[in-house]
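Biologist: Please take one part of this model and go through it closely. I would like a single connected account that a first-year student can follow.

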Amino acid sequence: MRPNRALEIGTGLFVLLGFAALFFLSTQLPGSGLKLGKPEGFLVTAAFDNVGDLKTGSPVSMAGVNIGRVEAVTVDPVAYKAVVTLRIQPQFSSIPEDSDASIQTAGLLGGKYVGIGPGGSDVYLKEGSTIEFTQSAIVLENLINKFFASFASRGGGNNGSGADEPAPQD
Amino acid sequence: MSLSDGLIVSGLRSIGAVSIFLGRTLAQIPGSLLRPRLIVHQIYNAGARSLIIIMLCGLFVGMVLGLQGFDLLQRFGSEDALGVAAALGLLKELGPVVGALLFAGRAGTALTSEIGLMKATDQLTAMRMMAVDPMRFVVAPRFLGGLIALPLLVAVFNVVGLFGAQLIGVQLMGVDPGAFWSQMQGAVELDDVTEGVVKSIVFGAACSLIAVYQGYHAAPTAEGVGLATTRTVVNSSVLTLLLDYILTARFL
């Protein structure tokens with residue numbers, strides 16, 4: 001009976017391990033949910049017109065250095081803007097309140113990340129602050145459309161003064 | 001003329017023989033389910049004992065995937081997509097196929113030589129004389145054990161491989177861990193996981209069937225058992241890759 005018992009325990013462990021692996025693959029890989037350690041740092045929100053394909057977990061960087069992660073991406077149902085919650089690591093607690101946030105692309109085909117450009121205020125961002133100055137993701141298709149539109153109007157005749165250039169978005 | 005004729009006829013004959021054997025095995029499965037202990041024993045033999053080699057190989061396959069994927073993606077400046085590449089590669093192809101090949105080498109050969117030796121030492125005949133059906137008590141539990149064990153082994157392989165890729169990509173090459181996981185979670189669908197699971201079940205059935213068939217039909221000599229073991233590995237590997245193509249074409 002004893003060797004049989006060891007065998008059954010071994011089989012049970014194997015089956016449990018296998019199903020745990022299956023569970024991990026089917027629940028953690030698709031969609032969100034994987035936690036990378038204990039979350040620390042403070043939460044800051046920023047509203048964007050368009051976040052492109054920014055995802056939960058994307059990096060937040062300042063001057064090219066990673067200072068936090070995107071905690072959540074939701075839509076404000078009133079203003080129709082994307083509200084991005086950023087989790088900034090606690091040691092970066094002296095970011096000026098009037099800093100700006102922009103959605104950047106890592107490389108030509110890389111993923112999106114949030115870039116923070118420092119402002120000049122003496123008041124710093126803290127838990128619950130909102131970044132007022134934001135710049136949306138550059139959608140490549142829109143850029144190409146605008147380029148062709150301005151190209152066509154320039155070819156259409158009058159001056160190529162660039163008066164029809166797209167107004168910068170806030 | 002006569003050679004090709006012989007090849008065709010013998011090919012047809014072996015396909016028919018395997019199909020009949022599969023039918024007989026399936027018919028015995030309800031009976032063998034009444035003896036769960038036999039199946040548990042076979043899951044232990046085929047699964048738990050293959051676990052170490054599967055985990056080790058999974059780790060190295062994942063690490064190679066991390067290195068190669070990083071080197072390739074770096075040229076396009078999109079090494080953040082390493083997680084996607086590793087996860088899809090492991091889930092859809094490498095996990096089921098490499099897992100099945102390892103399974104054929106580790107567990108399939110053990111099944112074939114075990115049944116072949118039982119036959120060579122007249123144990124199967126003795127069982128029949130005692131009105132104990134070896135199809136029910138020897139073949140069906142082993143087939144079921146392999147069928148249950150391989151999908152679980154492949155799942156473990158995938159998880160370990162993923163962490164191997166993560167180890168190389170994130171710890172060694174400096175891919176951002178958030179981008180690694182978030183892009184992976186954004187790109188992997190439940191369908192991709194399902195495809196891998198379906199593949200591993202099909203491969204598990206194919207490899208187990210070939211292993212028990214070759215053992216059951218081995219010539220009852222030392223040489224015959226050796227030949228049957230070799231045929232198990234060769235046939236399982238070829239059939240796995242062939243079925244992989246068919247299943248991939250079906251799922252795309």
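Modeller: The model is predicted, and the part to look at is what covers the buried residues of helix 3 of chain B: the cover includes helix 4 (82-120) and helix 6 (134-172) of chain B. The residues beneath that cover begin with B:Ile54, B:Gly58, B:Val61, B:Gly62 and B:Met63. The list of buried residues in helix 3 goes on with B:Leu65, B:Gly66, B:Gly69, B:Phe70 and B:Leu73. An α-helix has 3.6 residues a turn, so residues three or four places apart point the same way. Helix 3 itself runs over residues 51-74 of chain B, which is 24 residues. At 1.5 Å a residue its expected span is 34 Å, and because its end C-alpha atoms are 34 Å apart, the helix agrees with that expectation.

Chain A can be set beside this helix. Chain A has two helices and eight strands, and along the sequence its pattern is α-β-β-β-β-β-β-β-β-α. The eight strands form an open sheet with mixed pairing, in the order 7-1-4-3-2-6-5-8. Strand 7 (130-131) and strand 8 (133-135) of chain A are the edge strands, each pairing on one side only. Within the sheet, strand 1 (residues 42-48) and strand 4 (residues 81-88) of chain A pair in the antiparallel sense over seven bridges. One bridge joins A:Leu43 to its partner A:Arg87 in strand 4 of chain A. Of the 170 residues in chain A, 22% are buried. Among chain A contacts between residues at least 6 apart in sequence, 61% join residues at least 24 apart.

Methods. Residues are numbered from 1 along each chain as its sequence is written. Chains are lettered from A and ligands numbered from 1 in the order in which they are written. This is a predicted model: local features need pLDDT of at least 70, side-chain atom pairs count only at pLDDT 80 or more; totals for chains, interfaces and linings use all residues. Helices (H or I, at least four residues) and strands (E, at least two) are DSSP runs, numbered from the N terminus. A residue is buried if 20 or more other C-beta atoms lie within 10 Å of its own, exposed if 12 or fewer, and partly exposed in between; C-beta atoms are placed from the backbone. Two residues are in contact if their C-beta atoms, placed from the backbone, lie within 7 Å. The expected span of a helix is 1.5 Å times one less than its number of residues. Two strands pair if DSSP finds at least two bridges between them.
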